[in-house]
Amino acid sequence: MTSCGDHYTPHTLAFALSESTPPRFIRQRLERCPACRAAQDTLDLWARRIGHADPGVWPEYSTAPHLLTELLALPHRRRLAVVRFDELFQHWGLFRLALEDTREVGYSSPAGAQDLAELALAIAMNLPEDYYGAHPVADQRALAWANLAHVQAADEPAAARRSAEEAERWRGRGTGAADVARRVGELLGAVPVRGEEHDLEEGDGFAERRAAAGGRVLSLLQG
Ligand SMILES: [Zn+2]
């Protein structure tokens, strides 16, 4: 078993992938060194959760939890203001975490889910397009509006329909990615059409699709 002596960490591997390091050089280290491959596995997990094409964004997975903890210690209205005015919190990874947490909290505490959905939306609406890209940001705004519509669907059908319209509008400005369209469609499936009530059922499969999207590091190194 060979080892390279100067192992990648998830952060340095992300940096190498996003900068000018030749893919062949990275691939050789990953092939030869188990410790570097461990960094690759961690980075692949981050990539799946982050859902952005640029490896430079993937390490935001590791900084998001403490940012969310800081925000959740504040009163809800103050959180929404902080996200607007402090660029530290205009953070893709923070948005993704707030979006995921909405889903997890939603089963036990609807009020908490609504606060989280509103927070996720505020973060998405303040993500800098010049840094993350206008189309990827539009995808996240579509997801954020759809997520809020999903939370509003049971008790506030009119508000849910307005949020759903925003979700579709932002989806139209996005990358056109099939997984975003599918997820938005699933979330909006809970929104009752005007004058009609129906059972709220959410298609699952989000976790399976995330798992299937693995191997981002290797896909960048191919060719
Ligand atoms: Zn190594």
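**Helices and a shared core**

Trainee: Which residues is Ala146 in contact with, beyond its neighbours within four places in sequence?

Mentor: In this predicted model, Ala146 is in contact with Ala164, Ala167, Val184, Leu187 and Leu188. Contact here asks for C-beta atoms within 7 Å, so these five pairs pass that cut-off.

Trainee: What makes Ala146 stand out in the largest nonpolar core?

Mentor: That core has 57 residues, and Ala146 is among those that touch the most other members, along with Ala98, Ala120, Ile123 and Ala149. Members must be buried, with C-beta atoms joined within 7 Å, so Ala146 counts as a buried residue.

Trainee: Which helix gives the most to this core?

Mentor: Helix 9 does, with 10 residues.

Trainee: Why does this core lie between domain 1 and domain 2?

Mentor: Because both domain 1 (10-58 + 215-221) and domain 2 (62-192) give residues to it.

Trainee: How many helices and strands does the chain have?

Mentor: The count is 13 helices and 0 strands. Of the 223 residues in the chain, 39% are buried.

Trainee: How do you know where helix 3 meets helix 4?

Mentor: Look for the residues in contact: Trp46, Arg49 and Ile50 in helix 3 meet Glu60, Tyr61 and Ser62 in helix 4. The residues of this contact divide into 3 nonpolar, 1 polar and 2 charged.

Trainee: At what angle do the axes of helix 3 and helix 4 cross?

Mentor: The axes of helix 3 (residues 34-50) and helix 4 (residues 60-72) cross at roughly 65 degrees and come within 9 Å.

Key
Residues numbered from 1 in each chain as written. Predicted model: local features only at pLDDT ≥ 70, side-chain atom pairs only at ≥ 80, totals over all residues. Axes fitted to C-alpha atoms, helices over the stretch in contact; angles between N-to-C directions. Helix = DSSP H or I, 4+ residues; strand = E, 2+ residues; numbered from the N terminus. Contact = placed C-beta atoms within 7 Å. Nonpolar A, V, L, I, M, F, W, Y, C, P; charged D, E, K, R; others polar. Buried ≥ 20, exposed ≤ 12 C-beta atoms within 10 Å, placed from the backbone. Domains from an automatic or database assignment.
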